[in-house]
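Got your viewer ready? Here is a short tour, one selection at a time.

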Amino acid sequence: MTSDKFHKMFSLAEDDKLVNYYSCSIWHGNFPKQGWLYLSLRHISFHSYFLGKTVQHCVPWTELVGIEKMSGGFRILTRTDRHVFLFFFNLDETLHLVQELSKMAVKSLLNGVEDKNDYYKFDEEIMTSDKNYVKQYIDAKAQSEGYCKIFNLPLWERLDGFVNCNLWFPYTKSDKPGRLYCSPSYLCFISKYDIRCKVIIPMKEIAVVEKMDNSVCPDALHITAKNKITFMFGSVPQRDYLCSKISDFLHNSIATDSIKPLSPLERGLQVQFVDIMSPRQKVKEHLWQLHFNDYGRGVCMYRTKRLQELVSHGIPDKLRAEMWLTLSGAIFDMEKYRGKFNKLVEKSGNVPPITADEIERDLHRSLPEHPAYQSERGIDALRRVLLAYALYNPNVGYCQAMNMVTSVFLLYGSEEESFWLLVAVVERLLPDYYNKKVVGAIVDQNVFEILLKENLPELHKHLANLGVLKMVTMSWFLTLFLSIVPFSSAIHIVDSFFYEGTKFLFQIAIQILHHNQAALLEVSDDGEAMQLLSEFTESICNKDSPLQAQTSTIKSVEIGLLISMSYRNFGHITMSHVENVRNSERLKVVQSIEDQDKRSVLRSVRGITSFKPHEIDFLYRKFQECRRKMSQSTKGGTHNHISGKFQIDMERYCELFTALSPWGRGCLDNVLAGRLFVLSDSNKDGLVQFHETVLGLDVMCNGTVDQKLKLFYWMHLEEEDRARVIEQCYNERMGEKRGSDCSAYTSSGESGSDRGFVSQSSTDSEPEPALLANLSADQPRYWKTVGIRRYPNLSSQLMTLIESPHVPHIKQKQFIQFWKSLYGLYPDSEESVIEIYSAIGRFGAQVTKIGEGVENNTEPASELDCEESDIRLERKNTELGDDVVESLAHSQPAQDMALSLSPSTSLSTLQIRKETDSQENLNVEGRDQNIRPRTKLSPQANLVTLVNTNSPHTHSPSSNPVPVPHTNRLTHSDSAGSRNADTEEEWDIPYQILSFSLSNEPVIYQFFQNFTPLNTNIR
């Protein structure tokens, strides 16, 4: 009942599921108003009714730019307003749910498509469940995401539960309290007081699970791994239940053998090209071996403070690939998707050419000074890894700086290992860094400024005034300091990055600024500050490296010392604090990018439509809503959010058409929407862009009668007709001559169809000024603009077709669909529906008569009879000029018609004279063999003269009648009206006859003539 009341109260869609609601107050004016806060999947809403006054707010999550906690409540910030909510019974629960729902909205804005690693999609079961289940679902999702980030586990892992217990650490001979997490594939522990003490036990590595009870360690659980390492968990609550869970997970897990790299390179490039080991490297390897003996090796080892100290001094080259895989969690993906990389390499030829070209350009820019990339072997290995990832994650494809980090991975690991390390960095450790917008990097720049302000406020103020922070630190984070610090020193930063995560990048960056604080406070411009920092980073040295020449100066600083100082000074920065700041800053950054994109799109559309700015803004918002719905309903989508940001598919286009278009009110709204979608889909990728949607709506709402009729006409023609006209328009624009005139399209060639094109102006190409001059003064401004812009690249297929002078004939089957669609334009609730349907019926019958050539009288008709004919060929306020007469004369064989019309003759006086013609005249010698006669006329067959005198738009009659050509005229040689066998093929008629006939029905004509404001169609 509450959910129904909520949707009715705020007029929201049923799929906007209500998650929970809370009693609270909103600060309204100078006093708080008591009411209810409703949290749904897409909106945060508030309703209050007190003393006869109603206070109601409904804000989409995607419009939020900030969420701030305050004493007793919190406030939300939008682009234009802020709302303060107070007096909650459970503030922490409410604020947590608000933050999670806003994170989901931001993720939908960033990704735009379904994330293949996100297993928490709202399926049909969730959408039909009650609110409590949805809330539990969201809470479980948040807990699982936090669990994966703590232990660097794959994003597809879902947390099953956790308990508080103790773990016996053999190296200290003591228990450490903490929390034990259990999931289908892993058993993990983290200390309560020292987050550096961790244990990760994959289920498939567990050999024995035993229950133990003694006075020292009651309710204990003893686990033995396959590598003989043992773990003793004590004081485990619900031990029996946990044992049963572990047993079930062990039963479902599949044991696998150790991984053998299958890539072409079995050893890292560093070992192959540089096989130098310094004495200090040997000492490091010995220390690491001692650590493995005491704490274990591989995934199942005790991760302690001692491991952090070893990593900060640098991992030995021979152990670097193994430890990177273990610490980053990339080894879990590699084990789960064994052989995936090799399959991707085999299919690397399917990478889009644009992406492949970008990769090829950057191959030789990756560590060019290193010997490994001065040979084709190293370049080929780097190419294979980058192409494989472009196939693995087409939403990202390739981004600059990926080549830099990948080239470093290849120095120490195989191609397959480097590939999975790249996956871990791009998708988990540095999310949203490597895309065209580098959203993640921009967010972290804001986070870095906040952390710098918290730790070094004086330096932050000075550098902020200089405007140098973002210019300097963006490349630091994107390349993991590999582009600004000497390679032998930067590799130590990469070691600590894999151990600590993103928080170490902030930590070392602040330490670099802190080390130069005194000098930076004295600089007075940004160039001087950048030069100072550049010189310092280049002077960072590594005395352990066998590659670095020992040319250190007095100003140089050793990388090991710099890392140790960063832990001492800024080690208090935690990943949880970084994530909290990220969440708040991500809202601002995403909304800022959305605003920039919106301004860019609206600026490009406003010049080519007659919609007002507020109408275009409304269309943009509605289009974005449809796009987001498409993203949420996509299963395994492949459309990139950045490149396909303003595109929607047919299903969402039909929704938009039905809601906004004046042609979407009848029973055939989805059929018409589908036809217009196909017409607007220029590149045939199943998606329609925003500007194409706006142009279509603009024609339907603001176009002239002829523009609307042409749009409706083109919606019912075949694709091959559209393709030929598009090609001809392009060739004419490019100056190519594909024929002397449109007669090439009149014949059917081998296909046998009599489909022709009628040119509405001279077939010769006209210069752009003449093209603009032909446009009437009352047309919207954008028609004149598009008249110039449309042809260079034909970016809008719809506009090109509407404005093209070449209009093909409509065939019989297509006209029947056209006729049916006219019925579907009007809703059954229309008051004059009987009159409308009668007019449509008369129109269809008249056009069919013209097409079939069926006449009621076989004798020559008098002029009076002609005036009483129902076929009224008239167009309002249109003058038929010499160019149109000339084009009409060449659109059919000259033997089928005789045009005689003065330039001043109005179409309202258009008449069809009866003239006799013989069969011999139709078969004159010298006729082009490619043009077949449309009909075989008997010597007695006459052309019927039809005079338009009953039209409400008729002007004074003219003495210069215009004979209109017969189309598929049938013979009437016998009194029974039997048809000749040679004329039973499908007929077709030109656009002019159809439009003239349609204009003779005032009810239909008025529908296309009406101007329909966009706002009146919002439903």
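Is D194 buried or exposed? Select it and look: D194 is buried, because its relative accessible area is 19% and the cut-off for buried is under 20%. Keep in mind throughout that this is a predicted model. Now add R196 to the selection. The side chains of D194 and R196 form a salt bridge, with N and O 3.2 Å apart. R196 counts as partly exposed, at 26% relative accessibility.

**Zoom out**

Show the whole chain as a cartoon. You have 1019 residues on screen, and 54% of them count as buried. The chain holds 40 helices and 22 strands. Among contacts with a separation of 6 or more, 68% are between residues 24 or more positions apart. Switch on the surface and you are looking at about 45,300 Å² of accessible area, 51% of it belonging to carbon and sulfur atoms.

**More salt bridges**

The structure has 35 salt bridges, and a few are worth a stop. Go to helix α25, residues 613-633, and pick D617 and R621; the two are separated by about one helical turn because they sit four residues apart in the helix. Their closest N and O atoms are 3.4 Å apart, making a salt bridge. R621 is partly exposed, at 39% relative accessibility.

Next, select E1001 and R842, whose side chains meet in a salt bridge at 2.8 Å, N to O. E1001 is in the loop between α39 (991-999) and α40 (1002-1009), while R842 belongs to helix α35 (residues 833-852), so this pair ties together parts that lie 159 residues apart in sequence. How do the two ends sit? E1001 is buried, at 2% relative accessibility, whereas R842 is partly exposed, at 42%.

For a group rather than a pair, pick K149, D444, E579 and R582: a network of salt bridges links them.

**Into the core**

Hide the surface. In soluble globular proteins, nonpolar side chains tend to be buried together. Here the largest nonpolar core has 158 residues, and the members touching the most others are F85, W324, F419, Y434, F481, F498 and L513. Center on Y434 and show what surrounds it. Leaving aside residues up to four places away in sequence, Y434 touches V396, C399, Q400, A401, M402, V405, V425, V426 and L478. Another core, of 69 residues, lies apart from that one; its members include L602, L676, V725 and M799.

**Two enclosed helices**

Select residues 487-500, helix α19. All 14 of its 14 residues are buried, so α19 is largely enclosed by the rest of the structure. Its end C-alpha atoms are 20 Å apart, which agrees with the 20 Å that 14 residues should span at 1.5 Å a residue. Step on to G501, just after α19, and check its backbone: phi is positive, about 95°.

Then jump to helix α28, residues 690-702. From first C-alpha to last it reaches 18 Å, close to the 18 Å expected for its 13 residues. Twelve of the 13 are buried, so α28 too is largely enclosed by the rest of the structure. The buried residues include F690, L695, L697 and M700.

**Back to the surface**

Last stop: turn the surface on again and select V283, L287 and L290. Together they make a nonpolar surface patch of about 230 Å². L290 lies in helix α7, residues 279-295, and counts as partly exposed, at 39% relative accessibility.

Technical notes:
Residues are numbered from 1 along each chain as its sequence is written. This is a predicted model: local features need pLDDT of at least 70, side-chain atom pairs count only at pLDDT 80 or more; totals for chains, interfaces and linings use all residues. Side-chain values use heavy atoms; hydrogens and water are left out. Patches are made of residues with over 30% relative accessible area and no salt bridge: like charges are joined within 9 Å, nonpolar side chains (Val, Leu, Ile, Met, Phe, Trp, Tyr) within 5 Å. Accessible areas come from the Shrake-Rupley method with a 1.4 Å probe; for residues, only the protein chains shown count as cover. A salt bridge is a side-chain nitrogen of Lys or Arg within 4 Å of a carboxyl oxygen of Asp or Glu. Buried means under 20% relative accessible area, exposed over 50%, partly exposed in between (1.4 Å probe, protein chains only). The expected span of a helix is 1.5 Å times one less than its number of residues. A nonpolar core is a set of buried Ala, Val, Leu, Ile, Met, Phe, Trp, Tyr and Cys residues joined through side-chain atoms within 4.5 Å. Contact means heavy atoms within 4.5 Å.
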